Amino acid sequence: MRRASLTQFLIERQRAGRINADLRLLIETIARACKAISTRVNKGSLGGGHGSAGSENVQGEIQKNLDVMSNEILLEANEWGGNLAALVSEEMEDVKPTPTHYPRGEYLLLFDPLDGSSNIDVNISVGTIFSVLRCPKGVEPDEKVFLQPGRNQVAAGFAVYGPTTQLVITVGDGAYGFTLDRETFTFVLTQERIKIPEDTAEFAINTSNMRRWEPPVKRYIDECLAGKDGPRGKDFNMRWVASMVADVYRVLSRGGIFMYPRDSKNKDGRLRLMYEANPMAFIVEQAGGAATDGRNRILDIQPHKLHQRIAVVLGSKNEVDRVTSYHANS
Ligand code: AFP
């Protein structure tokens with residue numbers, strides 16, 4: 001059976017009026033950049049991707065060589081297409097408007113060029129996350145135009161550079177998975193309309209933070225750990241890759257709940273709203289899952305800073321609803 005390529009998939013969405021040519025070009029450009037990043041990741045230390053770049057990013061984190069390389073690949077790929085007004089990267093403090101010597105378009109792009117940096121040197125899956133918003137017409141693309149709630153996204157996606165390179169995207173009519181065919185070097189459709197099971201027996205959280213959790217989170221995890229003799233009446237399994245892209249890809253593939261709650265140390269949570277939580281929440285909801293900060297739907301949160309952090313609870317709908325109810329009753 002011949003599988004559809006990413007290009008064919010996007011052409012069909014354009015023909016159906018779901019996306020326009022500029023958005024199709026933008027997604028294809030990002031996918032092409034992800035292929036280049038995948039090649040760098042797979043080279044590892046042979047390609048200079050390992051080790052520290054000796055610089056800090058806006059988050060105050062030491063940048064890895066691959067962080068810098070991935071950011072540069074995405075910046076170069078997205079400056080000349082004429083479909084972007086501006087872009088924001090986890091690796092850069094300020095908004096980067098499209099250079100004036102190129103035409104500007106109607107879209108705003110936000111990305112985490114390399115998610116899971118702490119896993120690069122130890123050969124564990126890492127990835128790229130992106131989010132697309134519309135730029136209001138006739139306005140200078142500054143920080144304010146980016147501060148839109150996640151429900152305004154017109155597209156979102158992420159790549160996982162693992163045993164295979166996977167690309168998951170949504171343009172608002174379901175979540176779709178593509179696998180990089182390394183013989184033709186093209187993304188081919190391998191997961192049509194992803195559906196997250198509403199129930200699960202698998203949770204993902206960094207339990208080393210347990211002493212810092214708020215009571216509703218502690219209650220939920222304690223009940224999972226109590227297993228079939230406890231209030232849940234069933235045993236749970238645990239996973240924690242420490243690359244959001246890998247943990248979310250697993251949740252999309254077989255269900256689960258992924259949590260990075262706020263705690264006494266990370267008072268706003270650790271993950272970034274604009275280019276981690278929002279795109280992942282959009283994809284998870286399109287796959288029938290749920291995504292909150294423990295209390296509020298992530299896609300309804302009004303951002304107030306580009307790089308603001310947020311608590312994240314996402315995945316199988318019935319489990320996310322349970323955690324949200326524990327917060328509401330606390
Ligand atoms: P890095 O990119 O700094 O490795 O952070 C990855 C991440 O933002 C997200 O992908 C993980 O889910 C989370 O942080 C892991 O955080 P911990 O290292 O505290 O478990």
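**Exercises on a predicted two-domain model with a ligand**

In this predicted model, an N or O atom in the side chain of W240 is 2.9 Å from an oxygen atom of the ligand. The exercises below begin at the ligand and proceed to the domains and to individual residue pairs.

**Exercise 1. State which residues are the closest to the ligand, and which side chains place a polar atom by a ligand oxygen atom.**

Solution.
- Step 1. The ligand is surrounded by 15 residues, and the closest are D115, N206, M244, Y260 and R270.
- Step 2. For D115, a polar side-chain atom lies 2.7 Å from an oxygen atom of the ligand.
- Step 3. For Y260, an N or O atom of the side chain is 2.7 Å from a ligand oxygen atom.
- Step 4. W240 is to be added, with a separation of 2.9 Å between its side-chain N or O atom and an oxygen atom of the ligand.

**Exercise 2. Describe the division of the chain into domains and the extent of the interface between domain 1 and domain 2.**

Solution.
- Step 1. Domain 1 spans 6-191 and domain 2 spans 202-328.
- Step 2. Their C-alpha centres are 23 Å apart.
- Step 3. In terms of contacts, 48 residues of domain 1 meet 33 residues of domain 2.
- Step 4. The size of an interface is often expressed as the accessible area lost when the parts come together.
- Step 5. Here domain 1 and domain 2 bury about 3000 Å² between them, with 62% of it on carbon and sulfur atoms. On the domain 1 side, I129, L147 and F158 lose the most area to domain 2, together accounting for 18% of what that side buries.

**Exercise 3. Determine how many salt bridges and polar contacts cross this interface, and which elements form the domain 1 side.**

Solution.
- Step 1. Two salt bridges are found across the interface of domain 1 and domain 2.
- Step 2. The side chains of R151 and D300 form a salt bridge, at 3.1 Å from N to O.
- Step 3. Polar contacts across the interface comprise 19 residue pairs. The elements β3, β5, β6, α4, β7 and β8 each supply at least two residues of the domain 1 side that touches domain 2.
- Step 4. The largest share of that side, seven residues, comes from β6 (126-134).
- Step 5. By residue class, the domain 1 side that touches domain 2 contains 22 nonpolar, 18 polar and eight charged residues.

**Exercise 4. Identify the elements that hold E202 and R250, and the partners of Q191.**

Solution.
- Step 1. The whole structure contains 22 salt bridges.
- Step 2. E202 and R250 form a salt bridge through their side chains, at 3.5 Å from N to O. This pair links distant parts of the chain, with E202 in strand β11 and R250 in helix α6, 48 residues apart.
- Step 3. Q191 belongs to strand β10 (residues 186-191).
- Step 4. Beyond its neighbours within four places in sequence, Q191 is in contact with Q166, A175, Y176, G177, Y249 and S253.
- Step 5. With Y249, the side chain of Q191 makes a side-chain polar contact of 3.0 Å.

Key:
Residues numbered from 1 in each chain as written. Predicted model: local features only at pLDDT ≥ 70, side-chain atom pairs only at ≥ 80, totals over all residues. Heavy atoms only, no water. Domains from an automatic or database assignment. Contact = heavy atoms within 4.5 Å. Buried area = accessible area lost by both parts, 1.4 Å probe. Salt bridge = Lys/Arg side-chain N within 4 Å of Asp/Glu carboxyl O. Polar contact = N/O pair within 3.5 Å; in protein donor to acceptor, adjacent residues only side chain to side chain. Helix = DSSP H or I, 4+ residues; strand = E, 2+ residues; numbered from the N terminus. Nonpolar A, V, L, I, M, F, W, Y, C, P; charged D, E, K, R; others polar. Near = heavy atom within 4 Å.
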